[in-house]
Amino acid sequence: MKISKQARRDAKQLFHSCTANGLLDENRVRQAVQLVIAQKPRGYVSILTHLQRLVKLDIARRTAKVESATVLSPDQQTAVKSDLSKKYGAGLDISFAQNPALLGGLRIQVGSDVYDGSVRARLENLREAF
C-alpha cells in the first residue's frame, strides 16, 4: 500500500503527540487511534498503518535481549542494565536469556544494534580469517 506524504506527516505528528518525556505512552496511542477511527479523516487507514509501523519501530528500539552462556548473577544483570540505560536512555525493556551455544561472553541486541562479544562469534571470526 502506497502511503501519501500527508498521511506520513499526520502519522508522525500523531506519534509525537503520543510520547511523554521521550517515551511512548500506550494509553495515548490507544486514545489517538480511537479518535482517528471516530473522525475518519481523509486517508485515515494510511495514517493508522504508518502509525502502527512507527510504534513497532519504537518498541523494537526500546527492547533489549541479553544472551549469555550461563545465567548472569543479579549484580551482573544490574551492571548490564545500567550500561544499557546509559547508552540508550531510560525506558528500555531488557530481557535476559541463557544460550549455551555462545560458549562464553554476551550477545546483546537492542533494536537493530547487535553487540556480539561471545566466544562463538570470536571463534567464527578467527575461522573466517584463516
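**View 1. Lys40, just past the end of helix H2.** This close-up of a predicted model starts where the helix has just finished. Lys40 comes right after H2 and takes a positive phi of about 45 degrees. At the N-terminal end of H2, look for Asp25, which acts as a cap. One of its side-chain oxygens lies 3.3 Å from the backbone nitrogen of Asn27.

**View 2. Helix H2 from end to end.** H2 covers residues 26–39, which makes 14 residues. At 1.5 Å a residue, that should give a span of 20 Å, and the C-alpha atoms at the two ends are indeed 20 Å apart, so the expected and actual spans agree.

**View 3. The two faces of H2.** Val29, Ala32 and Val36 are the ones to find first here: these residues of H2 are buried. They take up an arc of only 65 degrees around the axis, which puts them on the same side of H2. An α-helix has 3.6 residues a turn, so residues three or four places apart point the same way. What do the buried residues of H2 pack against? Their neighbours are helix H1 (5–17), strand E2 (23–24) and helix H3 (44–61). Turned away from that buried side is a face with the exposed residues Glu26, Gln31, Gln34 and Ala38.

**View 4. Leu35, a residue of helix H2.** Is Leu35 buried, exposed or partly exposed? With a relative accessible area of 48%, Leu35 counts as partly exposed, because the partly exposed class runs up to 50%. Ser17 sits 18 residues from Leu35 in sequence, and their C-alpha atoms are 13 Å apart in space.

**View 5. The four-stranded open sheet.** Reading across, the strands come in the order E4-E3-E5-E6, and the pairing is mixed. E4 (93–98) and E6 stand at the edges with a single partner strand each, so one side of each has no neighbour in the sheet. From one strand to the next, the twist averages 10 degrees.

**View 6. E5 and its two partners, E3 and E6.** On one side, E5 (residues 106–110) runs antiparallel to E3 (residues 63–68), and five bridges join them. Here Leu106 of E5 has Ser68 opposite. E5 also pairs with E6 (residues 113–116), again antiparallel, over four bridges. Two pairs to pick out are Ile108 opposite Tyr115 and Gln109 with its bridge partner Val114. The E5–E6 hairpin has two residues between its strands, and in this hairpin Gly111 takes a positive phi near 60 degrees.

How values were computed: Residues are numbered from 1 along each chain as its sequence is written. This is a predicted model: local features need pLDDT of at least 70, side-chain atom pairs count only at pLDDT 80 or more; totals for chains, interfaces and linings use all residues. Side-chain values use heavy atoms; hydrogens and water are left out. The expected span of a helix is 1.5 Å times one less than its number of residues. Buried means under 20% relative accessible area, exposed over 50%, partly exposed in between (1.4 Å probe, protein chains only). The arc is that of the directions from the helix axis to the C-beta atoms. Contact means heavy atoms within 4.5 Å. A polar contact is a pair of N or O atoms within 3.5 Å; within protein, one must be able to donate a hydrogen and the other to accept it, and residues adjacent in sequence count only if both atoms are side-chain atoms. Two strands pair if DSSP finds at least two bridges between them. Axes are lines fitted to C-alpha atoms, for helices over the stretch in contact, and angles run from 0 to 180 degrees between N-to-C directions.
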